[in-house]
Amino acid sequence: MERTQIQRARAGEVTPAMERVAERENRDPAFVRGQVADGQAVIPNNHAHDSLDPMIIGREFATKVNANIGNSETTSDIEGELRKLHTAVHYGADTVMDLSTGGNLDEIRAANVDHAPVPVGTVPIYEAVKHVDDPADLTHELLLDVIEKQAEQGVDYMTIHAGVLMEHLPLTDGRKTGIVSRGGSILAQWMEENGMQNPLYAKFEAICEVFAEHDVTFSLGDGLRPGSIADAGDEAQFAELDTLGELTRTAWDHGVQVMVEGPGHVPVDQVTENVERQQSVCDGAPFYVLGPLVTDVAPGYDHITSAIGATEAARAGAAMLCYVTPKEHLGLPEEEDVRDGLAAYRIAAHAADVANDRPGARDWDDALSEARYEFDWRRQFDLALDPERAQAYHDQTLPGDNYKEARFCSMCGVEFCSMRIDQDARDADGEMSAIDDETDLGASAAAEVNLPPVGSHDTSDVPEKVEIDGVTFTPEESHADD
Ligand code: SF4
């Protein structure tokens, strides 16, 4: 049987996937191997996923972003699903989760795995419930069959909500928003109606064996995550987390890679504490967080409310962020929502990487700032996180080719472009010295390439002197002490 990345890392082997990851992350391959061997990072890489370009998820590496794709009951065609995959990867998703619940799930999943250069994740219980009339009819065998089939298809990681236990359910009674995880709520209903322990917990070791055979990575689901900031950090959430810690160690014992999912909705002052608690309880297994949203009041803008929490989480050690789109809580995201959600999350991830001094992270900012200061608009667009949007916004007001070399944009205009003024004020060595003369706009390079309405304002009504509280000001006097 082919071994998993963690088994090979423990045996001292640097696999081709580890070599590739080291190259992508600008790290030493031996360091990558050590992180994987110790369970501090995962390389989701199903043996059957041939189109994958290996990547790594761990707190010592660049923060990753996941995008959810997939259809609903009403929309399902493979071409449309592959377009969603393309959109997610195009806008920078590091992994995708296929959360399809309609149409031919097997065909869609197989097509996604065939075409995805990034790891593909799933939540197998979503497919399992499609095979029964009532979620209460799910059986242990059916769940295991679905998991095994998806592992054979090449799925790289699966969300398994094995940490929601019967004894945790009463802890959710006083909550404002109950159980908001889809998987968590289905399993809670199953346990209530069957009077039995969570089947994914009961069969966890059997699932480990399937995962070890195909090198599927666990994404241990947080079925009891808070769905409102009022429910954040309650007994139910942390009771489940303790179980996830236990399951992490069981998976490691079986030679299976593990990451652990986290909340949800958390006030910003509790985010760091959440990350530190998960890292401690789960012995440093990578933390994969959904947001968290730091306030509940902004439906329509939850890519922003959650990107704030995601930045804080990544700064504190979360390894992967599951994006949230502006449609969160409101509807299935469209392509433009995917774009906005991914932009918000890539900003969150990168901001944390800069703060955490990840190799190469700051270089990107410095390169863009240099292009900006040099008025190299094309390079600025190329370096932008979303080049197409950056150029589109610029060209909305200044579309001509001549404006690609202009020493200003329409935000401040040529007359007040501070960077242009700054540069004109410096000598040939770029140094400031005493400025005797006013900048001659007519002689500046900006004047040669632009036709702004400079000097075209009628100033005949502007008074030469202004009296305020009995004191008379002239333009000269008002600047006299500058
Ligand atoms: S006009 Fe303002 S925003 Fe535009 S380049 Fe100059 S300083 Fe920057």
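**Note on the predicted model**

1. Val275 is a buried residue, at 1% relative accessibility. Its place is in helix H12. Along the sequence, Val275 and Ala314 stand 39 residues apart, yet their C-alpha atoms are 8.7 Å apart in space. As with everything below, this is read from a predicted model.

2. Helix H12, which spans 268-281, also bounds a loop that begins after strand S8 (258-262), and Gly264 lies in that loop. The peptide bond leading from Pro263 into Gly264 is cis, with omega near 5 degrees. A second cis bond runs from Gly291 to Pro292, again with omega near 5 degrees. Pro292 is placed in the loop that connects strand S9 (287-290) to helix H13 (302-316). Most peptide bonds are trans, and most residues other than glycine have a negative phi. Both cis bonds can be checked in the structure above by looking at Pro263 to Gly264 and at Gly291 to Pro292.

3. Two residues that are not glycine deserve a look for their backbone angles. Asp283 has a positive phi of about 50 degrees, and its place is the loop between H12 and S9. With a relative accessibility of 36%, Asp283 is partly exposed, because the exposed class begins over 50%. His329 also has a positive phi, of about 75 degrees. His329 belongs to the loop between strand S10 (320-322) and helix H14 (335-355). At 52% relative accessibility, His329 does count as exposed.

4. How many aromatic pairs does a search of the whole structure find? The count is 6. One of them joins Phe204 and Phe218, a stacked pair with 4.7 Å centre to centre and 25 degrees between the planes. This pair links distant parts of the chain: Phe204 is in helix H10 (residues 204-214) and Phe218 in strand S7 (residues 217-220), 14 residues apart. Phe204 and Phe218 are both buried.

5. Phe218 has another ring partner, Phe211, in a pair that is tilted, with 4.3 Å centre to centre and 40 degrees between the planes. The angle of 40 degrees is the reason for the label: planes count as stacked only under 30 degrees and as edge-to-face over 60, so the rest are tilted. Phe211 is buried, as is Phe218. Through these ring pairs Phe204, Phe211 and Phe218 are linked into a cluster.

6. Two arginines are placed over phenylalanine rings. Arg277 lies over the face of Phe238, 3.7 Å from the ring centre. Arg27 lies over the face of Phe61, at 5.6 Å from the ring centre.

7. Which residues are around the ligand? They are Phe375, Trp377, Cys409, Met411, Cys412, Gly413, Cys417, Ser418 and Met419. By class, this shell divides into 7 nonpolar residues and 2 polar ones, with no charged residue. Gly413 is in the list, and glycine is counted as polar here. The ligand itself sits in the second largest pocket.

8. Ala9 belongs to helix H1 (residues 5-10). Is Ala9 buried or exposed? Ala9 is buried, with a relative accessible area of 0%. Ala9 and Ala37 are 28 residues apart along the chain, and 4.8 Å separates their C-alpha atoms.

9. Lys84 is a residue of helix H4 (residues 78-90). A relative accessible area of 26% makes Lys84 partly exposed, because buried means under 20%. In sequence, Lys84 and Val338 are 254 residues apart, while in space their C-alpha atoms are 8.7 Å apart.

10. Gln189 is part of helix H8 (residues 182-194). This residue is partly exposed, its relative accessible area being 31%. The C-alpha atoms of Gln189 and Leu169 are separated by 9.9 Å, and the two residues are 20 apart along the chain.

Key. Residues numbered from 1 in each chain as written. Predicted model: local features only at pLDDT ≥ 70, side-chain atom pairs only at ≥ 80, totals over all residues. Heavy atoms only, no water. Near = heavy atom within 4 Å. 1 Å grid on protein atoms, 1.4 Å probe; cavity = no way out; pocket = protein on both sides within 12 Å on 5 of 7 lines; lining within 4 Å. Sits in = over half its atoms within 2 Å of the grid points. Phe/Tyr/Trp six-rings, centres within 6.5 Å; stacked < 30°, edge-to-face > 60°. Helix = DSSP H or I, 4+ residues; strand = E, 2+ residues; numbered from the N terminus. Buried < 20%, exposed > 50% of the residue type's maximum accessible area, 1.4 Å probe, protein only. Lys NZ or Arg CZ within 6 Å of the ring centre and 35° of its normal.
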